[in-house]
Amino acid sequence: MRVTALEVSNFRNYAALRFEPASGVCVLVGQNAQGKSNLLEGLSLLSTGKSFRAAREVDLIKTGAPVARIAASVQTRTGEVQAACIITRAGEGARKKFLRNGRSVSYAQFLGGIAAVTFMPFDLQLIAGPPALRRRFLNIALSQANRQYYHQHATYLHVLMQKNAALKTPGPVNGALLQTYNEQLADAGAHIIAARAAYVRRLSQEAATVHARWVGAAEELSIAYQPSPDISDETPAAILKSLQAALSASSALEVMRKTSLMGPHRDELSFAVAGAVLARFGSQGQQRTAVLALKAAEYALLAQATGEPPLLLLDDVLSELDADRRRAFLGNLGHLEQAFITSVDRPELPSQTARVYQIAEGRIADAPLGAALSA
Amino acid sequence: MDYLAPPLSALIGELEKLPTIGPKTAARLAFYLLSASRADTAALSRAILDVKDKVRFCSRCYSLTEQDPCALCSDPKRDASVVCVVGEAKDVYAIERTMSYRGRYHVLGGLISPIEGVGVGQLKIKELIDRISAEGIAEIIVATNPNAEGESTALYLARLLTPSGVKVTRLAYGLPIGGDLDYADEVTVARALEGRRTL
Ligand SMILES: Nc1ncnc2c1ncn2[C@@H]1O[C@H](COP(=O)(O)OP(=O)(O)OP(=O)(O)O)[C@@H](O)[C@H]1O
Ligand SMILES: [Mg+2]
Ligand SMILES: [Zn+2]
């Protein structure tokens, strides 16, 4: 998959831009605050439909402008796809509209049309940071390849909000209503757990393989999925039964605490090297290598699911890594079609580098490759 | 708007309060009304007051009516043993337009949504239960919207009513007629598969 043209107007600090990136690795270099990350954010927005910075959506629109537009032509295995996102100021907030091949589509239909893996310094906290980060990782990875997953997850979160509101409503809780919500949560939740369990099993294998290539087989990396509730059998029917049972068993406690305590919104992922849990025992370096292996595995599984290499968006992350890890990570992506890498200081460039682009004040200029290499 | 005659700017102000009407449209409508005949404007203002004064909820099915009970509830040709439950009064007209339903209705006045402060007690659910025994209802067709709240409301009603022996059914999810299977989203197709039938 590769972007042949990106067109942006009134997006972040870009007034108007047409960019026809090369295939291979495109390196975006420039001083701080020039618009390097903004460009990756635009590309990622066309993939996931959301900003990768947990920002207010209205901030995506250039200050003073009424409407932002981001559009790309993407060459995929099955032909050329046009994707566009239009963000309009509406009151205090913003409204988003999605288009595919010129036709207006819903968010659910837009999602995953362009497959991308994003990697930024913040991701280095995936191992030891709060569990919500790891669930978010699973949701983004799975939603891109599986629209049913997206739908089940959106439904689950919506019903969960209703159930929590019902638990917090003053007065006695309506037992039949609580059972109704649990019935809906069990249905959607069982799909989520089944999809996560299958995904994490393959993710763990893939990550262990690349990890072993880098650090040797003795330090075996394993990723374990810990669903809420625990399941013994991964068939959909068995998962549904355990979830139903766990939900009704925790009902009394949930009424007392006035909040939901059971279900995949409390799922966890845990990483271990040679059996030792990384979040507790891993060194900084071990944790970093594990995140690299995780991202490389995410990339490989998305490529398998969609049948072609996804886009790779690396924001500032290479400068966070030492030379060995940098080389190991990039060496593993030999078959990538296109990647975008931002950097302030032109670090040692990956061997697949096709083109270096200079970004300054929301504009792009081609920089001669030779100049970048000798810098 | 000091330059406008006060009655005119008052009318523009009232029209602007209406949904989907912005200041430009409001001004256009106001100038149009000013140029219309006295009889037409009198008819419009009477019609507006009449919906406020004369339209009320049917005391049986809670749809909108002038006469109580409403025409649907008092029509002897309609099957009183089947009741279609909908969220809003406007949903009654969506089903009536199909001209393929001959039973009666029950309007809940919303869908269960604790987030918005709508609990079971705010809806006409107790009234529905009372009707089942009073009117000898045999089947309840739940026709709430196909979203999470519509689903919760339908499942809640099924949970509540099934033990009383009444048959509770739900509208099927299907593919849009005249559309291409190709273009339907995966979720719609998956739901339609679940609801498939033997030929
Ligand atoms: N809505 C907006 N309107 C105008 N300018 C904006 C808007 N949002 C962000 N900016 C500007 O964009 C710039 C930041 O761009 P970006 O985050 O892409 O920088 P960068 O090149 O990645 O820098 P760094 O190397 O520091 O990461 C800032 O100058 C910021 O003020
Ligand atoms: Mg940046
Ligand atoms: Zn009636």
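Two strands pair if DSSP finds at least two bridges between them, and both strands (E, at least two residues) and helices (H or I, at least four) are DSSP runs numbered from the N terminus. This is a predicted model, in which local features need pLDDT of at least 70 and side-chain atom pairs count only at pLDDT 80 or more, while totals for chains, interfaces and linings use all residues. Residues are numbered from 1 along each chain as its sequence is written, with chains lettered from A and ligands numbered from 1 in the order in which they are written.

## The parallel sheet of chain B

Let's start in chain B, where 4 strands form an open sheet with parallel pairing, in the order β4-β3-β5-β6. Its edges are β4 (103-107) and β6 (167-170) of chain B; each has a single partner strand, so one side of each is left without a neighbour in the sheet. From one strand to the next, the twist averages 25° (an angle between N-to-C directions, on a scale of 0 to 180 degrees, with axes fitted to C-alpha atoms).

How many bridges join β3(B) to β4(B)? Strand β3 of chain B, residues 79-86, pairs with β4(B) over 5 bridges in the parallel sense. Across from B:V83 you will find B:R104, a residue of β4(B). Towards the other edge, β5 of chain B (residues 139-142) and β6(B) also run parallel, with 4 bridges between them. Here B:V142 has B:R170 of β6(B) as its bridge partner.

## The antiparallel sheet of chain A

Chain A offers an open sheet of 3 strands, ordered β9-β10-β11, and the pairing is antiparallel. With just a single partner strand each, β9 (221-226) and β11 (276-277) of chain A are the edge strands, so one side of each is left without a neighbour in the sheet. β9(A) is linked by 6 bridges to β10 of chain A (residues 268-273), and the two run antiparallel. A:L221 has its bridge partner in β10(A), namely A:V273.

A helix joins this picture too: α5(A) packs on the sheet and touches β9 and β10 of chain A, while its direction makes about 170° with that of β9(A).

## Where the chains meet

The contact between the chains draws 21 residues from chain A and 17 residues from chain B (residues are in contact if their C-beta atoms, placed from the backbone, lie within 7 Å). On the chain A side, the elements that give two or more residues are α2 (107-110), α4 and α5 (175-215) of chain A. The largest share there, 10 residues, belongs to α4(A). By class, that side of chain A holds 8 nonpolar, 11 polar and 2 charged residues. Nonpolar here covers Ala, Val, Leu, Ile, Met, Phe, Trp, Tyr, Cys and Pro; charged covers Asp, Glu, Lys and Arg; the others, Gly among them, are polar.

How do α4(A) and α8(B) pack? Helix α4 of chain A (residues 147-168) meets helix α8 of chain B (residues 186-194) at an angle of about 85°, and their axes are 9 Å apart. The two are therefore roughly perpendicular to each other (65 to 115 degrees). α4(A) contributes A:R147, A:Q148 and A:H151 to the contact, and α8(B) contributes B:E186, B:V187 and B:A190. These residues divide into 2 nonpolar, 2 polar and 2 charged.

## Around ligand 1

Ligand 1 has 17 residues around it, with A:N13, A:N32, A:K36, A:S37 and A:N38 coming nearest (near being a C-beta atom, placed from the backbone, within 6 Å). Helix α1 of chain A, residues 36-48, supplies the largest share of this shell, 3 residues. The shell splits into 3 nonpolar, 9 polar and 5 charged residues.

## Backbone details worth a look

Which peptide bond of chain A is cis? The bond from A:S228 to A:P229 is, with omega near 0°, and A:P229 sits in the loop between β9 and α6 (236-257) of chain A. In chain B, the bond from B:D68 to B:P69 is cis as well, with omega near -5°. B:P69 belongs to the loop between β2 (64-65) and α4 (71-74) of chain B.

Finally, A:K258 has phi near 60°, which is a positive value in a residue other than glycine. Look for A:K258 in the loop between α6 and β10 of chain A.

Conventions
Angles under 35 degrees count as roughly parallel, over 145 as roughly antiparallel, 65 to 115 as roughly perpendicular and the rest as oblique. Two residues are in contact if their C-beta atoms, placed from the backbone, lie within 7 Å.
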